[in-house]
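Work through the exercises below with the sequence and the 3D structure open. Try each task before reading its solution.

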Amino acid sequence: MSSLDAGFYFIEDENVPMHVGSVLVFDGPVPSYGDVIRLFVSRLDQVPRYRQKVKALPFHVGRPVWVDDDHFNILYHVRHTAVPSPGGEDQLRNLAGRIFAQKLDDTKPLWEAWLVEGLEGGRWAIISKVHHCMIDGVSGTDMLQLMLDFKQDSAVPEPKEWTPARQPSTLDLVVNGVRDAVVTPVQHLAALPAVARNLRSLSEIVDFGKSVLGSLPGTARRLVTRAATSLNGPIGPHRRWVWARANLAEIKQIRTAAGGTVNDVILTAITRGFRDLLEKRGELTEGMVVRTMVPVSMRKADQHNELNNRVSAVLVNLPVGEADPVKRLASIRAQMDDLKSSRQAAGADVITNLSNFAAPTLMALGSRTAMRFPQQILQTVTTNVPGPRIPLYMLGRPLVEMFPYVPVASTIRITVGIFSYLDRFTFGINADFDGVPDVQLLADGIRAGFDEMVALAAEAAESTAAAQKVVDAKPETTA
């Protein structure tokens, strides 16, 4: 495992299951359980990690390693269930929330998929869980697409024979782990001169320095702004999971009127959601912010099939204390522009990779301590994973919608995942069950955030059109 992947593995405990997930909704007819099993088996040769389990070393003298599971059973990982028919969205969300709250069995490959029948309108769903240590959002989308097809009539290939590789002995792993703990930091240090040699000019050296240091002043300014720390708190074992929707047409309408990027508009709508939540709780004050971590993919175009984590992050203050939605969008847009110019994401990635210098035992202790130590710097995580703009199918059935699940951890009780598919955006809001009983207010507020910006954009368009008519009108001729 890489240091980041191992960190996700180490921080898991009974109240913090560290898997990502999704709910995929399809139009019927519902496939048989056997057909779903055969589909997964036919694709497993393309995702060997799905038949591997984690083997941790004694006393964490080395990073955990992946080994083939010689007792792998597809029937354990792909399961079959149903909601009382006709099951509505509430029933599906409640079922998914219970499934997502349960830890994956770390003695087996760290994934599950559930075929769900009984949805209204003859629809059905797949609920998927994959541990964060083996996959991040972007690579997760890649793996998901291996189970989906771009053509409705795609044939299911014949499964290939698989024989598990012999597991290395514990002694071999310990020896290799000790060697890795000593050699890896030396290798990273040895690589620094090569990096320096590749910087061919003074301007490149300055640019490299900015990637590490350029983000610090802006980050410091954001950290001193008063945040809604009432959103932080301890996490229990249960989850509430709700969702919201938006579409690309309305986001484009908002961008035309007010500027900014798609992400700027999305973060502004999420800001309205948190504003409504805090206002209903009687905790909203002027100038308050909700500080969010926004993961940024550092994955290159040729790295989309690698099963590991290649993410960095930036910090953004959601201006919940600002009543004017136009000013909220302007604030977020200014922050994102500053982050791009200061290259905070690149700087954060360099700092994250410094964990490769830590001995695995210290990294395990550090990861757990960092996530369990009470902190009130961050209140939430918002992660946007772009999906395909063309229709997808599973066993010939069209994928209608997909909703993301992002885990909560440390004292961060709420996370917001965003998927895009075709011309639609879906928001999966995950919250601690006891700490956020009013999470539906956040979901409704996100939808209200889009509605208010669309209304303002329509008013602006009407005003522009009216002004243009005045300009274009010809003066009346007098006799």
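**Exercise 1. The largest nonpolar core**

Which residues of the largest nonpolar core touch the most other members?

Solution. The model is predicted, so local features need pLDDT of at least 70 and side-chain atom pairs count only at pLDDT 80 or more, while totals for chains, interfaces and linings use all residues. Residues are numbered from 1 along each chain as its sequence is written, and side-chain values use heavy atoms, with hydrogens and water left out.

Step 1. Fix the terms. Buried means under 20% relative accessible area, exposed means over 50%, and partly exposed lies in between (1.4 Å probe, protein chains only). A nonpolar core is a set of buried Ala, Val, Leu, Ile, Met, Phe, Trp, Tyr and Cys residues joined through side-chain atoms within 4.5 Å.

Step 2. Name the residues. The largest core has 46 residues, and those touching the most other members are F26, F40, Y50, I74, W111, M394 and L399.

Step 3. Find the elements. Helices (H or I, at least four residues) and strands (E, at least two) are DSSP runs numbered from the N terminus. At least two residues of this core come from each of α1 (3-10), β1 (19-26), α2 (33-43), β5 (111-119), β6 (124-131), β12 (397-405) and β13 (414-421).

Step 4. Look for another core. There is a second, separate one of 41 residues, and I266, L277, V320 and V454 are among them. In soluble globular proteins, nonpolar side chains tend to be buried together.

**Exercise 2. The chain as a whole**

State how many helices and strands the protein chain has, and what share of its residues is buried.

Solution. Step 1. Count the elements: the protein chain has 14 helices and 14 strands.

Step 2. Take the share: of the 479 residues, 49% are buried.

Step 3. Turn to contacts, meaning heavy atoms within 4.5 Å. Among contacts with a separation of 6 or more, 81% are between residues 24 or more positions apart.

**Exercise 3. Two helices**

Compare the span of α10 and of α4 with the expected value, and say how each helix is buried.

Solution. Step 1. The expected span of a helix is 1.5 Å times one less than its number of residues. Helix α10 (residues 262-280) has 19 residues and should span 27 Å; its end C-alpha atoms are 28 Å apart, which agrees.

Step 2. In α10, 14 of the 19 residues are buried, so this helix is largely enclosed by the rest of the structure. G282 follows α10 and has a positive phi, near 75°.

Step 3. Helix α4 (residues 89-101) has 13 residues and reaches 18 Å from its first C-alpha to its last, close to the 18 Å expected.

Step 4. The buried residues of α4 include L92, R93, L95 and A96. Their cover includes β1, β4, β5, β6, β7 (239-247) and β12.

**Exercise 4. Backbone details**

Where are the cis peptide bonds at P29 and P86, and where are the positive phi values of L395 and S410?

Solution. Step 1. G28 and P29 are joined by a cis peptide bond with omega about 5°; P29 is in the loop between β1 and α2.

Step 2. S85 and P86 are joined by a cis peptide bond with omega about 0°; P86 is in strand β4 (residues 78-87).

Step 3. L395 is not a glycine, yet its phi is positive, about 55°. L395 is in the loop between β11 (393-394) and β12, and is buried at 18% relative accessible area.

Step 4. S410, also a residue other than glycine, has a positive phi near 55°. S410 is in the loop between β12 and β13 and is buried at 13%.

**Exercise 5. Pairs distant in sequence**

Are N15 and F427 buried or partly exposed?

Solution. Step 1. N15, in the loop between α1 and β1, is partly exposed, at 24% relative accessibility. N15 and H238 are 223 residues apart in sequence and 7.8 Å apart in space, C-alpha to C-alpha.

Step 2. F427, in strand β14, is buried, with a relative accessible area of 0%. F427 and A244 are 183 residues apart in sequence, but 5.0 Å apart in space, C-alpha to C-alpha.
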